[in-house]
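These are my notebook entries on a single protein model. I set down what I looked up, entry by entry.

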Amino acid sequence: MLTAVMALFTTALSAYNPPVNGESFKELSSARANSGSLSVCGGGLFYSNPSSIYVNPALTSNQQRIDLNLGYTAMFSSNSSDSTTFGSAFQGAVIIPTKWTVITVLTNGIFVPFESMDVNNTLNLKVNFAKEITDKLSVGLGIYSGVFWGADNDWSLGAGLGFVYKVGNLGFLKDFRYGASVLNLGKNFDDTTATPLKSGEKLSAFPTIATFKLGFSSTLVSTEFFKLGLSLDATTPCFQNLIMDACFECSFKDLIFINVGERFNIAEVLEGVKTSYIPSIGISCRFSFGFKNNSYMEKNGWSESELATAVSYKQIKGDINTVSAEFDLNLGAEDTTPPVITLWLDEEDE
């Protein structure tokens, strides 16, 4: 794996020059991503859904239930140079746990008509495989493809790898986790006429090949009523830029969740991009419900299910705002009781 990564790395030593937001534009369709809670370790208060595979293919390994996911984002531009002031993004996904692995299939469409964030239009598909190796270690592999249009046409095809390790309690840090991933190992969008970050220079492929992510997260406060967690991530697109993410997340009775996130992209700051330092914010709610007198749902063990809803706001740049909504339907009740193994002896063996 390391040999393959280094070989890909040597092919990407050209000047770093993607479009503005070219490293994370695929995440625009996710409310969890826009709120800043997408961490390579699953967030301050661990939660995984199909959107998690954007940052780490290993995060869905804990899923026990079929998860149906829908997301939508509306984008608004106040830049007078943008001929069109409205853009949008959508996603649809499903998680299917099997005996050997957890399979996630996610598709999304990104339609960005802004001259000030020239990532144009894409349709993307990702198939992900995640597995718990031990109670503490999870690994994952994701395969992706996509098509690009709007500033010439192009296509992408590649893969990503990742892991998460659950340390447990570490001093005052509860549920401490760390993890890493390497993404975009393949052919990404490069044969386009999109506007690069550095005007007048050649556009580089985006997202950048061999994008490394490293991070940790932990619960800082945990009571019956209130919990508070923190996640910190660092992203290095082929070691040519540094993107920092931080997110605080709190919950009330494990029903209402609020998170506040911040992102700092060094390359965009140095190039004078109209960066916004307004934190992104997300609010989500999870609740259980039942299907009464439905023999089909009972037969499949789905009579008790869970719905998670999330909304978020993020100002990507000083003149582009996004509002997102995301829904997760988890079919069935989560099994939180481990099996009990009892040993006994026949009376004559006592």
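**Entry 1: Backbone outliers**

I began with D175, which at 30% relative accessibility counts as partly exposed, because that value falls between the 20% and 50% limits. The model is a predicted one. I placed D175 in strand β7 and read its phi as near 50°, a positive value in a residue other than glycine. I then turned to N120, which has a positive phi of about 55° and is not a glycine either. N120 belongs to strand β4, residues 120-132. Is N120 buried or exposed? I found a relative accessibility of 9%, and N120 therefore counts as buried, the limit being under 20%.

I also looked for an unusual peptide bond and noted the one from F206 to P207, which is cis with omega near -10°. P207 sits in the loop that runs between β7 (173-187) and β8 (211-222). I recorded these cases because most residues other than glycine have a negative phi, and most peptide bonds are trans.

**Entry 2: Overall make-up**

I counted four helices and 14 strands in the protein. Of its 350 residues, 50% are buried. I next took the contacts with a separation of 6 or more, and 60% of them are between residues 24 or more positions apart.

**Entry 3: Nonpolar cores**

I looked up the largest nonpolar core and found 22 residues in it. F25, L28, V112 and M117 have the most contacts inside that core. Apart from it I found another core, of ten residues, including A33, I53, Y54 and V164.

I followed L28 further. Leaving aside neighbours within four places in sequence, L28 is in contact with residues that include N21, T73, A89, I110, V112, M117 and I316.

**Entry 4: N108**

I located N108 in strand β3, which spans residues 102-112. N108 is buried, at a relative accessible area of 1%. Which backbone atom does the side chain of N108 reach? I found that it reaches the backbone oxygen of K26, at 2.9 Å. K26 is also among the residues that N108 touches beyond four places in sequence, together with S29, Y54, F90, Q91, T122, L123 and N124.

**Entry 5: The largest cavity and S24**

I listed the cavities of 30 Å³ or more and obtained seven. The largest cavity holds about 720 Å³ of space. It is lined by 48 residues, and E23, S24, F25, E27 and R263 are the closest to its centre. Which strand gives the largest share of this lining? I found it to be β11, residues 256-265, with five residues. By class, I recorded 19 nonpolar, 18 polar and eleven charged residues in the lining of the largest cavity.

I then examined S24, which lies in the loop between α1 (2-10) and α2 (31-34). S24 is buried, with a relative accessible area of 11%. Its side chain forms a polar contact of 3.0 Å with the side chain of R263. Both S24 and R263 are among the residues closest to the centre of the largest cavity.

**Entry 6: The second largest cavity and R32**

I put the volume of the second largest cavity at about 140 Å³. Its lining has 21 residues, and those nearest its centre are R32, Y47, S284, T309 and A310. At least two lining residues come from each of α2, β11, β12 (280-290), β13 (304-317) and β14 (320-331). β13 gives the most, with five residues. I sorted the lining of the second largest cavity into eight nonpolar, eight polar and five charged residues.

R32 is in helix α2 and is buried, at 8% relative accessible area. I noted that R32 and I281 are 249 residues apart in sequence, yet their C-alpha atoms are 9.5 Å apart in space. Beyond four places in sequence, R32 touches S37, L38, G42, Y47, N49 and E326.

**Entry 7: F257**

I closed with F257, a residue of strand β11. F257 is buried, with a relative accessible area of 3%. How many residues separate F257 from C285 in sequence? I counted 28, with a C-alpha to C-alpha distance of 6.2 Å. Leaving aside neighbours within four places, I found F257 in contact with L45, E249, C250, S251, G282, I283, S284 and R286.

Notes. Residues numbered from 1 in each chain as written. Predicted model: local features only at pLDDT ≥ 70, side-chain atom pairs only at ≥ 80, totals over all residues. Heavy atoms only, no water. Buried < 20%, exposed > 50% of the residue type's maximum accessible area, 1.4 Å probe, protein only. Polar contact = N/O pair within 3.5 Å; in protein donor to acceptor, adjacent residues only side chain to side chain. Contact = heavy atoms within 4.5 Å. Core = buried A, V, L, I, M, F, W, Y, C linked by side-chain atoms within 4.5 Å. 1 Å grid on protein atoms, 1.4 Å probe; cavity = no way out; pocket = protein on both sides within 12 Å on 5 of 7 lines; lining within 4 Å. Points joined across faces, edges and corners; volume = space filled by probe spheres on them. Nonpolar A, V, L, I, M, F, W, Y, C, P; charged D, E, K, R; others polar.
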